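The following exercises are to be worked with the sequence and the coordinates at hand. Each task is followed by a solution in steps.

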Amino acid sequence: MSQATAPRRFLNALNAFATPSALTLCLLGFGSGLPFLLVGYTLSIWLRASGWELSAIGLLSYISLLYVLKFLWSPLLDTRRLPLFGRLGRRRGWLLASQLLLMVGLVAMALIGPMFSMPLFIAAIAVTAFAGATQDTMVDAYRIEIAPLDSQAALAATYTLGYRIGLICGGALALYISKFAGWQIAYVAMAGLMLIPFIATLLSREPPLPTDVQATARPSFFEAYVQPFVVFFRRHGLAFGLCLLAFVGLYKLPDQMLGVIAGPFYYDSGFDAGDIATVSKLYGVWIGIAGAFIGGLAVASIGVRASLLIAALGVALSNLLFIVMAVHPGEIWSFVLTISGDNAAQGFAGTVLVAFMSGLADKHYTATQYALLSSLANLPGKLIGGVSGFMAEQWGYTAFFVFSSVSIVPTLLLLAWLWGRVAPRSRTET
């Protein structure tokens with residue numbers, strides 16, 4: 001890499017942050033981040049405060065697998081326009097419909113609650129998770145199609161900014177409201193905040209369709225459901241393609257394993273909803289935003305390959321900070337230290353992984369291929385996360401945190417294998 005090249009890439013990245021697309025992605029990212037905790041982390045605190053056992057909370061987290069299984073219906077989103085909403089375009093139509101459904105699901109969760117009718121409450125959670133996963137699929141496709149590849153790191157960072165602000169609302173703000181006004185009011189308020197990305201979708205522009213996609217009004221089942229995967233392996237090769245998928249699938253494992261346990265762990269450590277909101281979902285989210293922007297600048301300056309290594313090590317090592325908090329329960333300094341390291345590493349790694357996966361997706365099948373990649377990025381951790389409650393109960397929190405940190409080893413081995421097979425500035429690596 002020449003000395004002139006890196007500064008030029010750095011300046012191009014800074015310019016990309018100021019584009020209209022960056023603002024749109026920030027607002028759409030807010031819509032993606034808002035409901036995520038409301039069917040996961042925040043929900044787990046609500047359930048724990050309602051007297052649920054850790055094992056039951058862990059099992060209920062399997063509903064969030066809908067975020068992982070979104071690739072199953074993503075071909076439909078790639079190839080069909082939704083009646084009525086389709087007038088807005090292939091991407092904006094589905095996006096607007098999913099946002100409306102999200103609002104309905106959140107209001108239903110608020111009205112039903114975990115103590116009234118468990119089947120109806122679970123159904124409302126499932127509807128909300130399905131709508132959130134569909135929205136994520138459309139936002140990812142929109143981001144990749146609206147701007148060239150060299151702008152993707154910047155757009156990933158601004159998307160992450162919005163996403164993290166959405167996490168603040170779905171985490172800290174919802175917890176604050178629950179403390180002073182109750183959980184039902186909190187979830188209704190979150191549904192109202194979904195109007196922000198809803199309006200952004202109405203005002204945004206539709207990405208242009210590739211010429212050959214415009215010519216195909218009604219693709220066959222093979223073209224819609226099989227061809228995207230055939231094209232992926234034809235482009236990367238079978239062995240290399242499988243290795244890429246395995247790497248993406250294992251990359252976020254340490255972080256995903258802690259997802260459903262973190263909230264109850266904070267609660268069991270002696271912190272109430274207000275403490276958790278302030279440190280974890282207010283202070284911590286801004287630390288995550290800083291990490292995300294540093295990740296975007298790192299990709300532009302040193303490339304995805306080196307950034308992936310730094311991010312993987314950071315995520316694994318940050319999990320060990322939870323041991324400090326377990327040894328010093330109820331002490332605010334240990335809580336702040338743990339959240340600082342964990343959220344900075346998560347923010348950095350999130351931007352780096354999004355930029356890496358964006359380079360793997362073909363724009364002819366953006367929704368399907370990126371949905372598969374992002375689903376794989378969450379699947380292993382979600383599967384283990386569902387039984388993480390049992391692990392924490394049997395092993396204790398400290399042993400569980402050690403296990404989560406060591407789980408990065410397979411990812412590092414795969415990265416070592418990929419290192420010499422991915423050129424430092426190839427499309428796969430940019």
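Helices here are DSSP runs of H or I with at least four residues, numbered from the N terminus. The model is a predicted one.

**Exercise 1. State where Ser178 is placed, and decide whether Ser178 is buried or exposed.**

Solution.
Step 1. Ser178 belongs to helix α8, which spans residues 152–181.
Step 2. The criterion for a buried residue is a relative accessible area under 20%.
Step 3. The relative accessible area of Ser178 is 10%, so Ser178 is buried.
Step 4. Leaving aside residues up to four places away in sequence, Ser178 touches Trp183 and Ala186.

**Exercise 2. Describe the chain as a whole: how many helices and strands are there, and what share of the residues counts as buried?**

Solution.
Step 1. The chain holds 22 helices and zero strands.
Step 2. The chain has 430 residues, and 59% of them count as buried.
Step 3. For contacts between residues at least 6 apart in sequence, 83% join residues at least 24 apart.

**Exercise 3. Classify the packing of helix α6 against helix α7, and give the handedness of the crossing.**

Solution.
Step 1. Helix α6 covers residues 90–112 and helix α7 covers residues 118–146; the angle between them is about 155°, and their axes are 8 Å apart.
Step 2. Angles over 145 degrees count as roughly antiparallel. Therefore α6 is roughly antiparallel to α7.
Step 3. The crossing of α6 and α7 is left-handed.
Step 4. Sorted by class, the contact of α6 with α7 comprises 19 nonpolar, seven polar and three charged residues.

**Exercise 4. Characterise the surroundings of Ala97: is Ala97 buried or exposed, and which residues does Ala97 touch?**

Solution.
Step 1. Ala97 lies in helix α6.
Step 2. Because its relative accessibility is 17%, Ala97 counts as buried.
Step 3. With residues up to four places away in sequence not counted, Ala97 touches Leu82 and Phe85.
Step 4. Thr134 is 37 residues from Ala97 along the chain, and the C-alpha atoms of the two residues are separated by 9.3 Å.

**Exercise 5. Analyse the contact between helix α20 and helix α21, then locate the buried residues of α21.**

Solution.
Step 1. Helix α20 (residues 388–395) packs against helix α21 (residues 397–406) at an angle of about 125°, and 6 Å separates their axes.
Step 2. The two helices, α20 and α21, are therefore oblique to each other.
Step 3. On the α20 side the contact is formed by Ser388, Met391, Ala392 and Trp395, which meet Tyr397, Ala399, Phe400 and Phe403 of α21.
Step 4. The contact of α20 with α21 has seven nonpolar residues, one polar residue and no charged residues.
Step 5. In α21 the buried residues are Tyr397, Phe400, Phe401, Ser404 and Ser405. Viewed down the axis of α21, these residues fall within an arc of 135°, so they line one face of the helix.

**Exercise 6. Explain why the buried residues of helix α22 lie on the same side, and name what covers them.**

Solution.
Step 1. Helix α22 spans residues 409–419, and its buried residues are Thr411, Leu414, Leu415 and Leu418.
Step 2. These residues share a side of α22 because they cover an arc of only 105° around the axis.
Step 3. The cover over the buried residues of α22 includes α13 (238–251) and α16 (304–319).
Step 4. The face of α22 turned away from the buried side carries Leu413 and Ala416, which are exposed.

Technical notes:
Residues numbered from 1 in each chain as written. Predicted model: local features only at pLDDT ≥ 70, side-chain atom pairs only at ≥ 80, totals over all residues. Heavy atoms only, no water. Buried < 20%, exposed > 50% of the residue type's maximum accessible area, 1.4 Å probe, protein only. Arc of directions from axis to C-beta. Contact = heavy atoms within 4.5 Å. Axes fitted to C-alpha atoms, helices over the stretch in contact; angles between N-to-C directions. Parallel < 35°, antiparallel > 145°, perpendicular 65-115°, else oblique. Nonpolar A, V, L, I, M, F, W, Y, C, P; charged D, E, K, R; others polar. Left-handed = near helix turned anticlockwise from the far one by under 90°.
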